[in-house]
Amino acid sequence: MQLVDTHCHIHSAQLELTGDETARAVWLRANQLEPDRLVRRALDQGVTRLICVGTSADDSRLAVDFVQHRSHCWASIGLHPHEAKRGQAELEQLATLAGQPKIVAIGECGLDYFYSHSPKIDQERALRFQIELAQEYNLPLIFHIRNAFDDFWPIFDSYQGLRGVVHSFTDTHHNLDKLLERGLFVGINGIMTFTKHEWQLENTRTVPLNRLLLETDAPFLTPVPFRGRINEPAHVALVLDFLARLRNEPAKIIATSTTQNARQLFFT
Ligand SMILES: [Zn+2]
């Protein structure tokens, strides 16, 4: 069985001074500073491909450097909506990375009105910039959209031919329909193992197999039964097992489909 963690932040589990401080603080607190160990543990669980997702220009550079000499790792470069207030110079810096080898996506990018760490106008500007970067390099997008789909759809629909995934999808059935109509993929992670919302589980049951992707968002969103500890790519296998029970489908079928979906979106 070969699984793909389509969204993790293990490149931040190093002591470098640049990169995603939020993720690094979590790795540090747990004294997890050996990303190669995390990769090995993932391989033990059949997770043979990992996408290391950048959240700022520095963090994206770290991700790109990290994956160059690691055969199981690939990078996505992006400016997280929380960081959108960093502005145009940050985006220009991000764009200079785009031609590097082993970059398989742009993101995570999007809109987050739940935390609103950046003004909406900056979030939209950063999102549009990254969509256009993805078009220029013919790459798929990794979207982070929280409490913001009403503003996201008009932006998305103002472009043609975009490909991508809505990572960590937990939104309504209405927005699930909209993303499926647009050919987007649905990224499912450990949240589903501990959500209290039956409607989120019901949505996850109805996602067509050919649109599902597995992810961890490690070090965040640790699945049951490891709540209270930090997350790692090996736990993609737990998300898989949970989905198999939830959807009443053989794990093998979900594994095959999600890996094929990841291949189609990121690795062709
Ligand atoms: Zn993430």
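**Entry 1: strand β2 and its neighbours**

I began at cysteine 52, which stands opposite alanine 75 in strand β3. I kept in mind throughout that this is a predicted model. Strand β3 covers residues 73-77 and runs parallel to β2, the two being joined by 4 bridges. I then turned to strand β1, residues 3-8, and found that β1 pairs with β2 in the parallel sense as well, over 4 bridges. For a single pair in that register I noted valine 4, whose bridge partner in β2 is arginine 49. I also checked how well β2 (residues 47-53) is covered, and found 6 of its 7 residues buried.

**Entry 2: the zinc site**

Next I asked which protein atoms serve as donors of the zinc ion. I listed His7 (NE2), His9 (NE2), Glu108 (OE) and Asp217 (OD), which lie 2.2 to 2.3 Å from the ion. Written as a spacing along the chain, these donors read H-x1-H-x98-E-x108-D. The pair of histidine 9 and aspartate 217 links distant parts of the chain, 208 residues apart: histidine 9 belongs to the loop between β1 and α1 (21-29), and aspartate 217 to the loop between β8 (212-214) and α10 (236-247). I looked up the accessibility of both residues, and histidine 9 and aspartate 217 are each buried.

Why is the arrangement of the donor atoms around the zinc ion irregular? The 4 donor atoms subtend angles of 84 to 177 degrees, and a tetrahedral assignment would need all angles between 85 and 135 degrees. For reference I wrote down that the ideal angle for four tetrahedral donors is 109.5 degrees.

**Entry 3: glycine 107 and glutamate 108**

I followed the donor Glu108 back into the chain and placed glutamate 108 in strand β4. The peptide bond that joins glycine 107 and glutamate 108 is cis, with omega about 20 degrees. I noted beside this that most peptide bonds are trans. Glycine 107 also lies in β4, and I asked whether glycine 107 is buried or exposed. Its relative accessible area is 0%, so I recorded glycine 107 as buried. Looking for a contact further along the chain, I found the C-alpha atom of glycine 107 separated by 7.4 Å from that of glutamine 130, a residue 23 positions away in sequence.

**Entry 4: other backbone geometry**

I found a cis peptide bond between valine 224 and proline 225 too, with omega about 10 degrees. Proline 225 sits in the loop between β8 and α10, the loop to which I had assigned aspartate 217.

I then turned to phi, bearing in mind that most residues other than glycine have a negative value. Serine 116 has a positive phi of about 45 degrees although it is not a glycine, and its place is in the loop between β4 and α5 (120-137). With a relative accessible area of 40%, serine 116 is partly exposed. Asparagine 147, likewise not a glycine, has a positive phi near 55 degrees, and I located asparagine 147 in the loop between β5 and α6 (149-157).

**Entry 5: the largest pocket**

I looked up the largest pocket, whose volume is about 850 Å³. Its lining counts 33 residues, of which Asp112, Tyr115, His144, Arg146 and Asp217 are the closest to the pocket centre; I marked Asp217 again, as one of the zinc donors. Two or more lining residues come from each of β4 (103-112), β5 (141-146), α8 (191-194) and α9 (198-206), and β5 gives the most, with 3 residues. Sorted by class, the pocket lining divides into 15 polar, 10 nonpolar and 8 charged residues.

**Entry 6: the cavity**

How many cavities of 30 Å³ or more does the count give? The count comes to 1, and the largest cavity holds about 30 Å³ of space. I listed its lining as Leu3, Val4, Thr6, Leu213, Leu214, Thr258, Thr259 and Ala262. The elements that contribute two or more of these residues are β1, β8 and α11 (251-266). By class I entered 5 nonpolar and 3 polar residues, with no charged ones. Val4 in this lining took me back to the first entry, where valine 4 is the bridge partner of arginine 49 in β2.

Note on methods: Residues are numbered from 1 along each chain as its sequence is written. This is a predicted model: local features need pLDDT of at least 70, side-chain atom pairs count only at pLDDT 80 or more; totals for chains, interfaces and linings use all residues. Side-chain values use heavy atoms; hydrogens and water are left out. Buried means under 20% relative accessible area, exposed over 50%, partly exposed in between (1.4 Å probe, protein chains only). Two strands pair if DSSP finds at least two bridges between them. Donors are N, O and S atoms within 2.8 Å of the metal (3.2 Å for Na, K and Ca); water is not among the atoms, so sites may look incomplete. Four donors count as tetrahedral if all angles lie between 85 and 135 degrees; four count as square planar and six as octahedral if opposite donors are over 155 degrees apart and all others between 65 and 115; anything else is irregular. On a 1 Å grid over the protein atoms alone, a cavity is a set of points where a 1.4 Å probe fits but cannot get out, and a pocket is an open set with protein on both sides within 12 Å along at least five of seven lines; lining residues have an atom within 4 Å of a point. Grid points are joined across faces, edges and corners, and a volume is the space filled by probe spheres set on the points. Ala, Val, Leu, Ile, Met, Phe, Trp, Tyr, Cys and Pro count as nonpolar, Asp, Glu, Lys and Arg as charged, and the others, Gly among them, as polar.
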